[in-house]
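Visitor: I would like to go through the terms used for this model and see what each rests on.
Guide: Here it is, with its sequence.

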Amino acid sequence: MTTKTEETSKSIFEQFDALIDSNIPDEYKALLKSFKEQGFFFNQFIQTMGDKDADLSAFWNLPNTLGFNNASADEQHDWFRPFFEFGGDSGGFNASLAEQFSSVLNRVTQETQDSLIALQAASAKMNQLHKELSELALANFQDLKKQSDGETNEEQLYQHWLQAGEEAFKQISQSDDYIQVQRELFETLGQLKKRQEEVASQFSNLLGLPSQQSMDDLQKGLHRLRNEFAEYREHTEAKIHELSGVINELKSK
Amino acid sequence: MPSSKQKNEDVWQDDFVLLMDQFSAVNRQSLPDVGSTPKEVIYQENKLRLIRYLPLNVEQKKTPVLIVYALVNRPYIVDLEPGRSLVLRLLENGYPVYLIDWGYPDSSDCFTSLNDYINGLLYRCVQRVKRFTQSKQIDLLGICQGGVFSLCYTALHPADVRKIITLVTPVDFHSKGNSLSLWTNSIDGKVLSNNTGNIPGGTISLLFRTLKPFQLNRDKYRQISQLVQNKKNLATFLRMEQWLNDNPDLARLAALQFMENFYQKNRLHNKELTIDGEDVLLESINCPVLNLYAEQDHIVPPDCASALSQHIKAEYYEEHALKGGHIGAFTSLKTQQKLINALTNWLN
């Protein structure tokens, strides 16, 4: 029988590491990582509950909840990062994006810098809303605990955590402020993307590569050809089907 | 005596070990099968495949049922596993079942429009099924976005459709508390496209997971004991996870048109939608419509789906509320029987 000692924990994580390095399907590895992470999260939550001085609001941190701050964050779409990351003076996203621009043309245009500043401002506002969400969730949680007269076991505490978080998220994410900040983020991201396309277009010109417009025209042409062929095929087969019916009818007479 | 904190950690450790043992077992070197009901492909066009499910040895109904699934996620959710297969239940009741698999769009598909999907691909699939089955009309079963396509198709090509079933299908995209609509209302979707020119499936998946962030990203991975101790439950969970993470990119033009026409402008519900210059009016649907929606649907809330009743003549319209969420409405063992009873009674 398993004894719950540090030795057991060590062997569990050795088994975990071995499985992650093995050839089991990637989907299983992802699941194991999720179960491990959420197990830790839950245990940490229960442990921290006993500490009266602890700041519990961190347990409703939205970027962490959505996986933006863990090892698998690379899988997320880059353009969503500013919604969930903000590192103060220069967020990781902004720095890496600036590097990308610099390396392409060895200079960042003033317009791009303006867009980056606007992005930082919007990202900071979103960060503030995430903080408000955590605080609101904590307040909801304390209310739920009070309502249950202190008679709460771990499972009930966890259910309170879940309910508090979802209710706070619903309230914040449907507020005018949230929608406005989200709009600002999308606008600044759109401006940055436009700058990126301009830089890429200049770079293509310098190297004598086809422009994006030429590529788009080619893709549209291919798309049109595919459609025309499919319509022609459909028309032909419908006609054959119709004629076959007529022939069969005539034969039966 | 161990503290409650220690006890909780011990339970989790035991469960975690059990889960790892399950995954280490020889029979877990590949993922569980999905979409295993026998079938054949009767038409292919670019990435699209039109699937015919092989009939069972039961008395066959005359009119074929064509299932139209959404562009988001893969259509094998309707045949996830034998016990949770809408397809298999229909076959058991003698319906000839066909399904459109839209495939995985790539960069060459970024100019595929809504018109291409509805008046092109869907139109040709309907004609194929009609010819294949020697039927003048078919029954359409549209799910979620596939339901929207089916409604538009029926409004535009009424002669092709005998009856239409919409399952968890949005109609009023601006119904109260619809988070997806609020979030997408004022954004320029072009910013979402990736280097293939399309909208990444992962982004859409993230958007859905953000609707209930704490439940969908943390809570569902906590209660592993129920899964680990029952191999059948674990296999179902693995299939569902496989499906949830199988996210095709969305062809850009169609995705942007869908976002603008439906989520942002609510044009179908407002009677302002045109496709290829033709008005798409739900009021012009003159065939029986069965609208099935889910009471706990956070993606297509009940009000959003039941708004269809405002457009279809009362003598043609019937609706049923199903227990469960957006996917549970047709995969849950509890709901499936009610769903299939409602479907078969109505179709007959």
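Guide: What follows takes the terms one by one and sets values against cut-offs.

Guide: This is a predicted model, in which local features need pLDDT of at least 70, side-chain atom pairs count only at pLDDT 80 or more, and totals for chains, interfaces and linings use all residues. Residues are numbered from 1 along each chain as its sequence is written, while chains are lettered from A and ligands numbered from 1 in the order in which they are written.

Visitor: How do you know how many helices and strands chain A has?
Guide: Helices are DSSP runs of H or I with at least four residues, strands are runs of E with at least two, and both are numbered from the N terminus. Chain A has nine helices and zero strands, and its pattern along the sequence reads α-α-α-α-α-α-α-α-α.

Visitor: What makes the span of helix α2 of chain A agree with the expected one?
Guide: The expected span is 1.5 Å times one less than the number of residues. Helix α2 of chain A (residues 26-49) has 24 residues and should therefore span 34 Å; its end C-alpha atoms are 35 Å apart, which agrees. For α6(A), with 38 residues, the reach from first C-alpha to last is 56 Å, close to the 56 Å expected. After α6(A) comes A:Asp149, with a positive phi near 55 degrees.

Visitor: Why are α6(A) and α8(A) called roughly antiparallel?
Guide: Axes are lines fitted to C-alpha atoms, for helices over the stretch in contact, and angles run from 0 to 180 degrees between N-to-C directions. The axes of α6 (residues 110-147) and α8 (residues 176-207) of chain A come within 9 Å and cross at roughly 155 degrees. That makes the pair roughly antiparallel, because angles over 145 degrees count as such, those under 35 as roughly parallel, 65 to 115 as roughly perpendicular and the rest as oblique.

Visitor: Which residues of chain A are in contact with chain B, and how many?
Guide: Contact requires C-beta atoms, placed from the backbone, within 7 Å. By that rule 57 residues of chain A are in contact with 59 residues of chain B. On the chain A side, α2(A) gives the most, with 14 residues.

Visitor: What makes B:Val168 buried and B:Asp276 partly exposed?
Guide: A residue is buried if 20 or more other C-beta atoms lie within 10 Å of its own, exposed if 12 or fewer, and partly exposed in between, with C-beta atoms placed from the backbone. B:Val168 has 29 such atoms and is therefore buried; B:Asp276 has 13 and is therefore partly exposed. B:Val168 sits in the loop between β6 (161-167) and α5 (179-184) of chain B, and its phi is positive, near 40 degrees. B:Asp276 lies in the loop between β7 (274-275) and β8 (278-279) of chain B, with a positive phi near 55 degrees. In chain A, 22% of the 253 residues count as buried; in α2(A), these include A:Tyr28, A:Leu32 and A:Phe42.

Visitor: What makes a set of residues a nonpolar core?
Guide: Its members are buried Ala, Val, Leu, Ile, Met, Phe, Trp, Tyr and Cys residues joined through C-beta atoms within 7 Å. The largest such core has 95 residues, and B:Leu66, B:Ile67 and B:Val97 have the most contacts inside it. Another core, of 15 residues, lies apart from it and includes A:Leu32 and B:Ile224.

Definitions and conventions:
Contact = placed C-beta atoms within 7 Å.
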